[in-house]
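User: I'm new to this one and keep tripping over the labels. Could you walk me through what they rest on?

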Amino acid sequence: MCGRYYFDDDTAKEIEKLVQSVDEKMKRKVEEIHLQPKDIHPSDRRLLCHSNHCS
(Lines give C-alpha, C1' and ligand atoms only; values in the text may rest on other atoms or scores of the structure.)
Protein backbone atom coordinates (compact mmCIF):
# COMPACT_ATOMS: atom_id res chain seq x y z
CA MET A 1 0.00 0.00 0.00
CA CYS A 2 2.97 2.33 0.34
CA GLY A 3 2.70 5.26 -2.02
CA ARG A 4 -0.30 3.99 -3.96
CA TYR A 5 -2.78 6.51 -2.60
CA TYR A 6 -2.60 10.26 -2.31
CA PHE A 7 -4.91 12.33 -0.11
CA ASP A 8 -4.75 16.08 -0.32
CA ASP A 9 -5.09 18.12 2.88
CA ASP A 10 -8.81 18.71 2.44
CA THR A 11 -9.52 15.02 1.94
CA ALA A 12 -7.34 14.08 4.92
CA LYS A 13 -9.26 16.55 7.10
CA GLU A 14 -12.58 15.12 5.95
CA ILE A 15 -11.41 11.58 6.72
CA GLU A 16 -10.24 12.73 10.16
CA LYS A 17 -13.65 14.33 10.86
CA LEU A 18 -15.40 11.15 9.77
CA VAL A 19 -13.24 8.95 12.01
CA GLN A 20 -13.77 11.28 14.97
CA SER A 21 -17.52 11.30 14.36
CA VAL A 22 -17.69 7.50 14.29
CA ASP A 23 -15.51 7.30 17.41
CA GLU A 24 -17.80 9.72 19.29
CA LYS A 25 -20.92 7.82 18.22
CA MET A 26 -19.44 4.52 19.38
CA LYS A 27 -18.43 6.01 22.73
CA ARG A 28 -21.96 7.38 23.27
CA LYS A 29 -23.47 4.02 22.32
CA VAL A 30 -21.17 2.21 24.75
CA GLU A 31 -22.14 4.64 27.54
CA GLU A 32 -25.82 4.36 26.61
CA ILE A 33 -25.95 0.61 27.14
CA HIS A 34 -23.49 0.69 30.05
CA LEU A 35 -20.84 -1.61 28.61
CA GLN A 36 -17.74 -2.32 30.58
CA PRO A 37 -14.57 -4.02 29.36
CA LYS A 38 -14.69 -7.64 30.48
CA ASP A 39 -15.18 -11.15 29.21
CA ILE A 40 -18.28 -11.59 27.07
CA HIS A 41 -20.89 -14.13 28.15
CA PRO A 42 -23.89 -15.33 26.11
CA SER A 43 -26.37 -13.39 28.27
CA ASP A 44 -24.42 -10.10 28.07
CA ARG A 45 -25.34 -7.19 25.82
CA ARG A 46 -22.55 -6.04 23.50
CA LEU A 47 -22.09 -3.38 20.85
CA LEU A 48 -22.26 -4.75 17.32
CA CYS A 49 -20.98 -2.56 14.51
CA HIS A 50 -21.38 -3.36 10.86
CA SER A 51 -21.49 -1.58 7.51
CA ASN A 52 -24.23 0.97 8.18
CA HIS A 53 -24.69 1.36 11.92
CA CYS A 54 -24.05 0.17 15.43
CA SER A 55 -26.71 -1.68 17.39
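User: Why does Glu14 count as partly exposed?

Analyst: Quick heads-up: this is a predicted model. Glu14 has a relative accessibility of 48%. Buried means under 20% and exposed means over 50%, so Glu14, at 48%, counts as partly exposed.

User: And what makes Lys17 exposed?

Analyst: The relative accessible area of Lys17 is 52%. The cut-off for exposed is over 50%, so Lys17 is exposed.

User: How do you know that Glu14 and Lys17 meet in a salt bridge?

Analyst: Look at the gap between their side chains: 3.6 Å, N to O. A salt bridge asks for a Lys or Arg side-chain nitrogen within 4 Å of a carboxyl oxygen of Asp or Glu, so the pair Glu14 and Lys17 qualifies. Both residues sit in helix 1, three residues apart, which is about one turn of the helix.

User: What is the distance for Asp23 and Lys27, and why is that called a salt bridge?

Analyst: Their side chains meet at 3.4 Å, N to O. That fits the within 4 Å cut-off, so this is a salt bridge as well. Asp23 and Lys27 are separated by about one helical turn because they are four residues apart in helix 1. As for Asp23, its relative accessible area is 38%, so Asp23 is partly exposed. Searching the whole structure turns up two salt bridges.

User: Which residues make the nonpolar surface patch?

Analyst: Tyr5, Phe7, Ile15 and Val19 make a patch of about 430 Å².

User: What makes Ile15 fit for a patch?

Analyst: Patch residues need over 30% relative accessible area. Ile15 has 37% relative accessibility, so Ile15 passes that cut-off and counts as partly exposed. Ile15 also lies in helix 1, which covers residues 9-32.

User: How many helices and strands are in the chain?

Analyst: The chain has one helix and zero strands.

User: And what share of the chain counts as buried?

Analyst: Just 4% of the 55 residues, with buried meaning under 20% relative accessible area. The chain's accessible surface is about 5500 Å², and 53% of that belongs to carbon and sulfur atoms.

How values were computed
Residues are numbered from 1 along each chain as its sequence is written. This is a predicted model: local features need pLDDT of at least 70, side-chain atom pairs count only at pLDDT 80 or more; totals for chains, interfaces and linings use all residues. Side-chain values use heavy atoms; hydrogens and water are left out. Patches are made of residues with over 30% relative accessible area and no salt bridge: like charges are joined within 9 Å, nonpolar side chains (Val, Leu, Ile, Met, Phe, Trp, Tyr) within 5 Å. Accessible areas come from the Shrake-Rupley method with a 1.4 Å probe; for residues, only the protein chains shown count as cover. Helices (H or I, at least four residues) and strands (E, at least two) are DSSP runs, numbered from the N terminus. Buried means under 20% relative accessible area, exposed over 50%, partly exposed in between (1.4 Å probe, protein chains only).
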